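Dear colleague,

Please find below the structure that I am handing over to you. My findings follow directly after it.

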Amino acid sequence: MTFGEPIARREDPRLVTGQGRYVDDLGRDALAAAFVRSPHAHARITGIDVDDALDVDGLVAIYTWEDLDGRVGEPLPLLIPHPALTHGRTAHPLARDVVRHVGEAVVMVVARDRYLAEDAAERIRVTYEPLPPVVGVENAVNASCRVHDDVPGNVGAHLVQETGDVSAAIGAAPHVLEFRLDIERSASMPLEGRGVYARWDADDGSLRVYSSTQTSTSVRMAIAVKLGLPANKVEVIAPDVGGGFGVKIVHPWPEEVLVPWAARLLGREVKWTEDRREHFVSAAHERAQVHHVRVGFDDEGRLLGLDVRIQHDHGAYTPYGIIVPIITSTQLLGPYKPGAYRVEFTSLYTNTVIVTPYRGAGRPQGAFCMERTMDRIADELGLDRTAVREVNLIRPEEFPYDQGLIFQDGRPLIYDSGDYPEMLRRIKELIGWDGFAAFRAEAERAGRRVGIGLACYVEGTGVGPYEGGHVEIDSSGRVHVSTGLTSQGQGHQTVFAQVAAAELGVPIEDVTVTTGDTRRFGYAVGTFASRAAVMSGNAIALAARKVREKALRIAGEALEADPRDLEIVDGVVRVKGNAAASIPLRTVAVLSNPLRYAFDEAAQQATQFAVGGSPDDPPLTGEPGLEGRDYYSPPRSTFAYGMHAAIVETDPDTAEIRILRYAVLHDCGRLINPRIVEGQIHGGVAQGVGGALYERMVYDAEGQLLNASFMDFLMPYATEVPRIETGHMETASPLNPLGVKGAGEAGVIPGSAVIAAAIEDAEGIRITRMPISPSELYHLRLAAASGVAERTNRAGSASPS
Amino acid sequence: MTREISLNVNGVPRTASAEPRRLLSDFLRHDLGLTGTHVGCEHGVCGCCTVLFDGEPVRSCLMFAVTAAGHEVTTVEGLGADGGMSPVQRAFSECHGLQCGFCTPGFLCTVTALLRDNPRPSEDEVLEGISGNLCRCTGYQNIVKAVHRAADLIAEERTDR
Amino acid sequence: MKPPPFDHHAPETLEEALDVLARTGEDAKVLAGGQSLIPLLNMRLAAPAHLVDINRVTALDTLEATAEGVRVGALARHARVERSEEAAGVLPLLRAALRQVAHPVVRNRGTVVGSLAHADPAAELPAVLALCEGTVEAASAGGRRTIPAAEFFAGPLESSLRPGELATSAFFPAPPARSGTAFAEVARRHGDYAMAGAAALVTLDEDQRVSSAKVAYLSVAATPLVLDLTEPLGPRPPVTCDWAAAAAYARDRLDTDEDIHASADYRRHLAGVLTERTLRAAAQEAL
Ligand SMILES: Cc1cc2nc3c(=O)[nH]c(=O)nc-3n(C[C@H](O)[C@H](O)[C@H](O)COP(=O)(O)OP(=O)(O)OC[C@H]3O[C@@H](n4cnc5c(N)ncnc54)[C@H](O)[C@@H]3O)c2cc1C
Ligand code: FES
Ligand code: FES
């Protein structure tokens with residue numbers, strides 16, 4: 001039994017020996033594409049002069065929007081329409097006449113290699129008439145100018161959800177607080193950028209595309225539509241992918257359309273490998289949001305009414321719709337019962353890179369809002385911060401708990417299972433919450449400043465609509481599993497093999513898994529929203545069950561036994577309690593496919609003169625082969641949850657911030673592979689720490705991204721990430737056969753909330769915007785000293801003694 | 001303007017022609033077909049492209065192939081003896097020290113040299129040793145664990161011999 | 001992010017190198033460790049027509065430590081200098097500063113002289129050279145000259161080397177007797193260029209009183225800045241020194257700029273904190 005075991009990953013031997021195959025490792029002889037990108041945040045293109053580029057050696061082609069024929073020249077699709085997104089706008093693959101952010105592609109160059117393509121791109125002169133840029137939420141709201149001429153107020157979407165009567169609830173509440181909270185921009189920033197490699201087969205009229213994507217099936221659909229090809233003439237493969245974290249779920253990227261299009265036009269292989277600078281200015285960002293909170297509560301800190309208004313900066317276009325603010329609005333509630341709740345968001349255009357989900361997808365902002373609110377209430381009432389949380393938690397007996405809202409999948413937000421109070425107890429124990437006062441006192445005696453914080457979240461995972469799995473046992477006994485969704489390092493080849501091996505009763509060594517290859521599995525949605533284990537895991541389990549059933553039926557015929565009396569152990573079907581009566585699965589596989597021709601010895605056993613059976617029955621029952629396909633489509637999402645706690649130290653002189661301890665408790669239902677889940681948590685926490693203390697996209701008023709490099713966009717190194725202490729709980733999900741919940745995004749969600757809380761506790765100064773740098777903390781201290789920044793009531797270690 | 005560039009890669013003399021501006025990373029990947037060396041930033045920060053140059057870890061995106069001519073380069077493909085896995089490679093796999101695997105070759109080369117020079121690094125020495133390599137997936141904790149584990153494996157191998 | 005084309009020259013002797021530099025003049029760039037130059041090329045922020053790659057001029061790969069000081073040849077990598085016990089014995093400050101330069105892997109390739117020639121105001125080594133009142137040896141087809149640190153750093157990313165000149169070595173003089181040094185910086189991440197940094201040199205007189213105190217700063221001005229802080233400190237024994245006053249004195253003389261990582265005020269504040277910390281540590285070492 002391998003399900004639930006922390007087995008080593010099966011993809012590792014390949015990856016640690018340099019045998020991984022990422023997009024740029026393929027197509028050695030392909031032509032290379034490069035792009036001329038806008039240096040302006042907002043401008044009208046007045047001319048494109050390519051003359052100087054023409055004599056670059058090795059140049060093959062130059063394309064501008066004018067060259068794009070058919071549907072290729074049309075705007076890219078709006079992937080997730082929503083009734084509230086009244087003014088959705090998407091870009092053209094190459095800018096048509098107006099550029100709306102620095103980095104927008106204007107000209108495509110194809111040359112013998114990337115060096116030459118860049119040489120040519122550098123010599124192309126594009127002239128622009130600059131237009132006033134809109135940068136930042138305030139600027140967008142004040143709207144003296146527009147990102148899109150036909151979008152008044154720069155408002156792309158506006159949505160209100162309400163349960164109960166918030167005005168009345170807050171009006172009647174004994175205590176009311178009102179404040180603003182901000183989160184800045186960050187980005188997924190996988191170490192492998194995007195990449196597309198296309199091969200056109202003119203004889204066959206077919207296209208093969210390799211893309212570093214989180215959804216190969218949907219890229220295929222998009223390319224087929226854009227290029228006017230039947231879907232079955234397009235194959236899309238996501239090979240090894242060097243991280244995604246959300247940005248690679250967006251599709252089709254302009255390059256995903258242009259590269260195959262050029263490959264077909266030129267009759268040559270074409271490849272584009274995004275470089276880091278391109279990734280900063282032409283992929284996607286996330287997180288920037290402003291939240292205005294009004295909350296009413298009773299003397300114990302119980303929420304009576306919560307009113308949140310959100311301004312979301314979605315950048316220049318909305319290809320991925322308004323998923324991020326929808327998730328913030330709904331997931332903000334976390335493990336709590338809010339009383340009456342009203343949330344309203346306005347999603348705004350700015351002349352910056354588009355905003356699409358980055359691991360956590362709006363939840364870190366939501367958790368920041370809710371958890372800062374809890375801390376604020378505790379401070380106002382002089383209560384312990386965990387006590388305030390405690391009175392608001394949903395109790396175990398209240399599941400399924402209906403929050404009364406509509407979630408990102410269009411379904412009601414109903415939590416399926418969990419035990420929040422128990423987790424709160426355990427996280428307090430793990431971090432030593434109750435003993436912290438003594439620790440602080442001792443630190444203070446040594447002139448040190450420390451603080452503790454805690455934050456909770458609930459994460460809807462495994463959103464639909466569906467995923468599928470295919471399982472086939474071949475005549476050598478090998479098990480081939482495939483699913484359409486893709487992998488970016490989550491270890492799917494291991495966990496899906498664990499699922500299949502457990503369901504089938506075969507050794508895991510016999511199982512191979514293929515993901516994200518439309519040649520193997522054409523129907524899928526994609527990898528996002530912590531859905532792979534839930535969706536494909538269950539689909540594969542169901543498919544494996546079908547195969548098992550079929551295997552038992554055929555083996556039953558061969559062994560002349562009732563299939564119900566059979567079991568499969570180590571790849572052999574045998575009669576329970578009679579190991580002698582057995583037949584290996586490989587033989588069952590042979591028998592499942594009645595043959596006329598014997599192409600090898602195994603096949604001889606299945607030819608027409610070899611097999612017996614009644615001459616009156618047809619040789620084949622059902623379908624040939626020992627294979628099965630099934631799909632899993634959940635009624636709604638399943639809700640994982642967790643709580644993080646951290647102790648930080650702030651330097652009284654330099655304002656440097658150091659995380660002394662970071663503890664995580666989480667519950668993602670049944671664990672298929674605890675080690676892989678733990679790895680996901682570690683990675684998420686590191687990104688949470690990055691988002692809290694280091695990473696931000698710094699735009700100037702002109703819309704120039706000032707830190708478009710790893711030198712200045714500060715992702716944490718090993719020296720910046722604390723050791724993470726973890727604890728697990730396992731509350732099975734009642735919604736799916738495996739009882740699992742998603743785990744991919746969990747680690748990142750409460751990062752900013754928990755670090756902000758701990759810093760606030762250390763400093764006694766309210767922390768209302770994240771990330772926070774030492775420079776900002778220094779200025780907060782100054783502001784607090786002069787009465788400009790607000791102090792908390794419990795004035796932290798910094799209190800004058 | 002291309003020229004013949006010869007160097008010794010993973011113990012094998014290799015020659016290919018390339019322009020003087022060809023980065024060593026591109027030369028290894030695209031001219032010699034050794035795609036295990038990855039490229040994540042091309043400005044020296046991420047460490048994905050780290051290879052051993054005359055035994056010392058360096059950024060192959062910050063060196064021209066012409067400069068490397070005549071020298072010895074070891075890439076991730078050459079770390080294990082006889083196509084097997086080196087102790088460092090085994091340790092990364094055992095400790096779940098990788099997820100997407102994109103940063104991994106750079107870490108493996110860096111750690112291989114680190115443990116050669118310092119077979120029993122302290123926790124701080126490990127952190128310092130890998131401090132120039134970014135990983136976006138693992139949060140580093142299992143990488144640090146893998147470095148200590150690799151130190152054990154190397155020590156075991158020594159006593160076995 | 002691929003470098004633009006250039007003519008590559010790979011001289012094997014100093015003479016050859018100077019010869020190509022003389023021929024190519026303004027159009028040439030020296031390539032040493034490439035840890036600063038190649039990122040600029042990859043981003044196409046620089047496009048020299050000629051690159052004079054000195055990595056084969058083995059005669060420049062020298063490191064000499066004597067009682068007078070440490071002389072570092074143009075091809076000596078950061079890592080080699082950092083590991084040298086002899087160099088650390090003469091000038092511990094050099095090792096302390098080198099440990100803050102980037103990450104170990106970058107130090108395997110980058111050169112000390114290249115770092116000086118690059119003249120980044122945020123770099124550690126220029127501040128050390130300035131504090132020690134060291135010199136850079138420059139050679140050209142026309143001859144040689146010795147450039148004092150105070151003249152060498154002309155502006156941000158600008159040295160006073162002339163076209164056709166190669167920096168062949170740098171000399172870091174040993175501190176006088178009864179001296180102590182210290183280095184400290186605050187960077188966003190470990191290994192990053194600092195938001196502010198300070199290198200201090202404190203010398204005591206025979207009565208163990210501070211006779212000279214100097215601090216060199218990085219990341220606070222367009223070039224490494226050295227302040228003489230003897231006045232607010234000396235001549236007093238270290239235990240009675242008012243380090244905070246010296247820091248305040250320094251702060252008043254700093255005119256810092258802001259960037260995306262630190263405001264001008266914060267940077268000045270940090271410089272003050274580091275002034276105090278390094279002075280204390282240097283005085284302690286001098287005792
Ligand atoms: C990720 C990363 C982080 C870094 N962090 C830091 C840091 O924190 N602190 C720091 O100080 N540095 C840092 N550096 C830069 C590093 O220290 C470089 O090694 C150093 O700045 C330049 O040395 P080099 O030998 O690589 O010079 P090169 O890059 O080869 O050259 C730099 C410049 O100096 C000129 N030059 C070099 N040698 C000579 C010579 N002998 N005569 C005349 N001109 C010459 C070149 O023409 C060029 O203009 C970092 C680099 C990287 C990639
Ligand atoms: S690719 Fe060389 S350091 Fe990032
Ligand atoms: S494993 Fe993905 S970047 Fe390190």
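In chain C, 61% of the 287 residues are buried. Please note that the model is a predicted one, and that every value in this message is computed from it.

The secondary structure of chain C consists of 12 helices and 14 strands. Its radius of gyration is 19 Å, close to the 19 Å that the globule rule gives for 287 residues, so chain C is as compact as a globular protein of that length. Along the principal axes, the C-alpha atoms of chain C fill a box of roughly 60 × 40 × 30 Å. Among the contacts in chain C with a separation of 6 or more, 61% join residues that are 24 or more positions apart. The accessible surface of this chain is about 10,800 Å², and carbon and sulfur atoms hold 48% of that surface. As for charge, chain C carries 28 positive and 37 negative side chains; the centres of these two sets are 5 Å apart.

One residue of chain C may serve as a local example. C:Phe171 belongs to strand β10, which covers residues 166-173. Is C:Phe171 buried or exposed? Its relative accessible area is 18%, which is under the 20% limit, so C:Phe171 counts as buried. Leaving aside residues up to four places away in sequence, C:Phe171 touches C:Glu68, C:Gly69, C:Val70, C:Arg71, C:Leu129, C:Gly134 and C:Thr135. In addition, the C-alpha atoms of C:Phe171 and C:Val136 are 6.3 Å apart in space, while the two residues are 35 apart in sequence.

Turning to chain A, I find 19 helices and 29 strands. The radius of gyration of chain A is 28 Å, close to the 28 Å that the globule rule gives for 801 residues, so this chain too is as compact as a globular protein of its length. The C-alpha trace of chain A spans about 95 × 75 × 50 Å along its principal axes. Of its 801 residues, 64% count as buried. Residues 24 or more positions apart make up 80% of the contacts in chain A with a separation of 6 or more. Chain A exposes about 27,200 Å², with 49% supplied by carbon and sulfur atoms. Its side chains include 79 positive and 107 negative ones, and the centres of the two sets lie 1 Å apart.

The interfaces complete the account. The size of an interface is often given as the accessible area lost when the parts come together. Between them, chain A and chain C bury about 2,600 Å², and 57% of this area is on carbon and sulfur atoms. Within chain A, the residues that lose the most area to chain C are A:Arg277, A:Leu714 and A:Tyr778, which together account for 19% of what that side buries. This contact involves 34 residues from chain A and 25 residues from chain C.

How much area do chain B and chain A bury between them? The figure is about 4,200 Å², of which 56% is on carbon and sulfur atoms. On the side of chain B, B:His96, B:Arg136 and B:Gln141 supply 20% of the area buried against chain A, more than any other three residues. Here the contact takes 51 residues from chain B and 55 residues from chain A.

With kind regards

Note on methods:
Residues numbered from 1 in each chain as written. Chains lettered and ligands numbered in written order. Predicted model: local features only at pLDDT ≥ 70, side-chain atom pairs only at ≥ 80, totals over all residues. Heavy atoms only, no water. Helix = DSSP H or I, 4+ residues; strand = E, 2+ residues; numbered from the N terminus. Rg over C-alpha atoms; globule rule 2.2 N^0.38 Å. Buried < 20%, exposed > 50% of the residue type's maximum accessible area, 1.4 Å probe, protein only. Contact = heavy atoms within 4.5 Å. Areas by Shrake-Rupley, 256 points an atom, 1.4 Å probe, with all protein chains shown as cover. Lys, Arg positive; Asp, Glu negative; His and termini not counted. Charge placed at Lys NZ, Arg CZ, Asp CG, Glu CD. Buried area = accessible area lost by both parts, 1.4 Å probe.
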